[in-house]
Amino acid sequence: MEGNKRWVALPAVAPVAWGANYFVTHAFLPADHPLYGAALRALPAGLVLLALCRRRPRGAWWGRSAVLGLLNVSVFFVLVFAASQLLPTSVASTVMAVSPLAMMLAAWLLMAERPGSAHLAGAAIGLGGVCLMLLGGEDGISVPGVLVSAAAVLVSSFGHILAKRWNTGTGTGTGTGMTGTAEAAGAGVLASTAWQLTAGGLLLLPVAVAVEGAPPPVSPSALLAFCYVALVATALAFSVWFAGLRRLPAGTVGLIGLLNPVTGVLLGTAVAGEVLTGRQLGGLALVLAGVALGRPTARTRPDRRLPAGTPAAPGPHPGLRSGPGPSRST
């Protein structure tokens, strides 16, 4: 279980990078080119990871990469880009704070991973903390922007849990794996992340050309912003996020995502010179309490199911990629 606790720190990098991404997108990227913005975020990130892993999809992973690329990249990135332009960073982050609950529901439906009471309580407390930190005093909130942000939550929650299912070989409800140990073991986090980012970027690019015409002019500040968005908020963030999701329960990883709006508030304090109020400090404390409730404990069951037909063994099994013992959840 100590291994699980160490894995909590890794996916925490992702929501911190994503929290800063709202500010970078809103401040530096062209607002009238959401398709190009999403494509130029996804495709360079996918190609960088592809160069690192040097693996191509095989078998079912051609189709899976296309599906995950459509959900987690093409649709999600366009929705996030639009939400970043339609809403203040605080409001967009607040709507995204419901993602832990959405991920728990998706994991329950797709993987029969029932959320624990601590995870549900953490999600409720964390959402309350986010609302306390960020809501209040915003005038003229865009209803379409809120709907776009909510759609991004639903699409990403379903896509992330689907990626977890396909990378762990876990079926729905029956607890059985997919056919064959290789299928059950998944493609590896780096490879599957590279494939879906590349697929999503390739799907976006012709649509961007057809809908938005010529690419937007890119200033030096916008070029630096695209580098951050592609390399840090996408290539790095999605790799560590899916690595954590592969090894930890969806409820735990979803609650770690609450660090996203916390980053937005702290960034506003550091960059814009905003002053934290007592209400915001109280909300920050609630968010951190919610994240803490979802941490792995000694009673947390490992999130691992063996493929169908694989006999249980008390020690290491040479046919499995995951390590022995309960400290590894997949």
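Ala, Val, Leu, Ile, Met, Phe, Trp, Tyr, Cys and Pro count here as nonpolar, Asp, Glu, Lys and Arg as charged, and the others, Gly among them, as polar. These classes return at several stops of the tour below. The model on display is a predicted one.

**The whole chain**

Begin with the entire chain in a cartoon view. Its secondary structure consists of 14 helices and 0 strands. Followed from the N terminus, the order of elements is therefore α-α-α-α-α-α-α-α-α-α-α-α-α-α. The chain has 330 residues, and 53% of them count as buried.

**Helices α4 and α8**

Select residues 61-86, which form helix α4, together with residues 143-168, which form helix α8. How do these two helices cross? Their axes come within 8 Å and cross at roughly 155°. This angle makes α4 roughly antiparallel to α8, because angles over 145 degrees are placed in that class. The crossing in which α4 passes α8 is left-handed. Displaying the side chains at this contact brings up 20 nonpolar, 7 polar and 1 charged residues.

**Helices α10 and α11**

Next, select helix α10, residues 189-212, along with α11; the residue range of α11 is 220-247. The axes of α10 and α11 come within 9 Å and cross at roughly 130°. That angle makes α10 oblique to α11. Here α10 passes α11 in a right-handed crossing.

**The largest cavity**

Now turn to the internal spaces. The structure holds 3 cavities of 30 Å³ or more. The largest cavity contains about 260 Å³ of space. To centre the view on this cavity, select W18, F76, M96, S99 and N260, which are the closest to its centre among the 21 residues that line it.

Which helices contribute to this lining? At least two residues each come from α2 (13-28), α4, α5 (89-96), α6 (99-111), α8, α11 and α13 (259-271). Helix α2 gives the largest share, with 4 residues. Coloured by class, the lining of the largest cavity shows 11 nonpolar, 9 polar and 1 charged residues.

**The second largest cavity**

Move on to the second largest cavity, whose volume is about 70 Å³. To see its walls, select N21, T25, L29, G37, A38, R41, F77, V80, F81, F226 and V229, the residues that line it. Two or more of the lining residues come from each of α2, α3 (34-53), α4 and α11. By class, the lining of the second largest cavity comprises 7 nonpolar, 3 polar and 1 charged residues.

**F77**

Keep F77 selected, since this residue belongs to the lining just displayed. F77 is found in helix α4. Is F77 buried or exposed? With a relative accessibility of 1%, F77 counts as buried, because the limit for that class is under 20%. Add L35 to the selection: F77 and L35 are 42 residues apart along the chain, and their C-alpha atoms are separated by 8.5 Å.

**Two loop residues with positive phi**

Select R54, in the loop between α3 and α4. R54 has a positive phi of about 55°, although this residue is not a glycine. Most residues other than glycine have a negative phi. At 76% relative accessibility, R54 counts as exposed.

Then select A112, in the loop between α6 and α7. What is the phi of A112? The value is near 55°, which is positive in a residue other than glycine. A112 is partly exposed, with a relative accessible area of 34%.

**A118 and A292**

For the final stop, select A118, which lies in helix α7, residues 117-134. A118 is partly exposed, its relative accessible area being 34%; this value falls between the limits of 20% for buried and 50% for exposed. Add A292 and draw a C-alpha to C-alpha distance: A118 and A292 are 9.5 Å apart in space, while 174 residues apart in sequence.

Definitions and conventions: Residues are numbered from 1 along each chain as its sequence is written. This is a predicted model: local features need pLDDT of at least 70, side-chain atom pairs count only at pLDDT 80 or more; totals for chains, interfaces and linings use all residues. Side-chain values use heavy atoms; hydrogens and water are left out. Axes are lines fitted to C-alpha atoms, for helices over the stretch in contact, and angles run from 0 to 180 degrees between N-to-C directions. Angles under 35 degrees count as roughly parallel, over 145 as roughly antiparallel, 65 to 115 as roughly perpendicular and the rest as oblique. A crossing is left-handed if the near helix is turned anticlockwise from the far one by less than a right angle, and right-handed if clockwise. On a 1 Å grid over the protein atoms alone, a cavity is a set of points where a 1.4 Å probe fits but cannot get out, and a pocket is an open set with protein on both sides within 12 Å along at least five of seven lines; lining residues have an atom within 4 Å of a point. Grid points are joined across faces, edges and corners, and a volume is the space filled by probe spheres set on the points. Buried means under 20% relative accessible area, exposed over 50%, partly exposed in between (1.4 Å probe, protein chains only).
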